[in-house]
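Please set out how this chain folds and how its metal site is built. Keep it brief.

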Amino acid sequence: MENCLFCRIVAGEIPSKKVYEDGDVLAFYDINPNAPVHVLVIPKAHISSIAAVDASNIEVVSRVLLAIPQIARSLGLEEGGYRVVSNCGEDAGQTVPHLHFHILGGKKLPVTLG
Ligand code: AMP
Ligand code: ZN
């Protein structure tokens with residue numbers, strides 16, 4: 001997916017402020033943070049959204065999910081808690097069509113989700 005923004009970040013063609021990386025997973029700070037701590041966690045492989053998760057990619061997705069609490073802990077969010085969000089499609093406001101999980105924390109977050 002040569003024109004995908006997050007694939008280009010994975011490839012190192014666009015810089016990012018990395019917080020975690022392994023063979024399947026990359027996490028980096030959101031460029032336009034919505035909370036004192038706002039990190040995006042993505043699979044390195046291109047998966048367009050939660051809607052594209054299936055038996056062929058669930059192993060990679062599970063590694064992304066396994067990394068999330070580790071990353072949150074490393075960011076100091078474990079005690080206060082944090083929110084994990086994945087926008088899927090237009091109504092949810094997904095702007096980058098590469099599966100990503102927002103980790104938001106560092107303050108008491110607004111209760112409303114929708
Ligand atoms: P979403 O709106 O759920 O698709 O989330 C996409 C997120 O990517 C937004 O919160 C953007 O601020 C963030 N974003 C866009 N471009 C970059 C970038 N180059 N580096 C880091 N985060 C980015
Ligand atoms: Zn991609």
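## Strand pairing

Val-85 has His-102, in strand 5, as its bridge partner. Strand 5 covers residues 101–105 and runs antiparallel to strand 4, joined by four bridges. Strands are DSSP runs of E, at least two residues long; helices are runs of H or I, at least four; both are numbered from the N terminus. Two strands pair if DSSP finds at least two bridges between them.

The model is predicted: local features need pLDDT of at least 70, side-chain atom pairs count only at pLDDT 80 or more, and totals for chains, interfaces and linings use all residues. Residues are numbered from 1 along each chain as written, chains are lettered from A and ligands numbered from 1 in written order, and side-chain values use heavy atoms, without hydrogens and water.

## The sheet and helix 2

Five strands form an open, antiparallel sheet in the order 1-2-3-5-4. Strand 1 (18–21) and strand 4 (82–85) are the edges; each has a single partner strand, so one side of each lacks a neighbour in the sheet.

Helix 2 (residues 58–74) lies across strands 1, 2, 3, 4 and 5. It runs at about 155° to strand 3 (37–43). Axes are lines fitted to C-alpha atoms, for helices over the stretch in contact (heavy atoms within 4.5 Å). Angles run from 0 to 180 degrees between N-to-C directions.

## The zinc site

Cys-4 (SG), Cys-7 (SG), His-46 (ND1) and His-98 (ND1) are the protein donors of the zinc ion (ligand 2), at 2.0 to 2.3 Å. Donors are N, O and S atoms within 2.8 Å of the metal (3.2 Å for Na, K and Ca); water is not among the atoms, so sites may look incomplete. The spacing along the chain is C-x2-C-x38-H-x51-H.

The site is tetrahedral, with angles of 106 to 117° among the four donor atoms. Four donors count as tetrahedral if all angles lie between 85 and 135 degrees. Cys-4 is buried at 7% relative accessibility, and Cys-7 is buried at 14%. Buried means under 20% relative accessible area (1.4 Å probe, protein chains only).

Terms used:
Four donors count as tetrahedral if all angles lie between 85 and 135 degrees; four count as square planar and six as octahedral if opposite donors are over 155 degrees apart and all others between 65 and 115; anything else is irregular. Buried means under 20% relative accessible area, exposed over 50%, partly exposed in between (1.4 Å probe, protein chains only).
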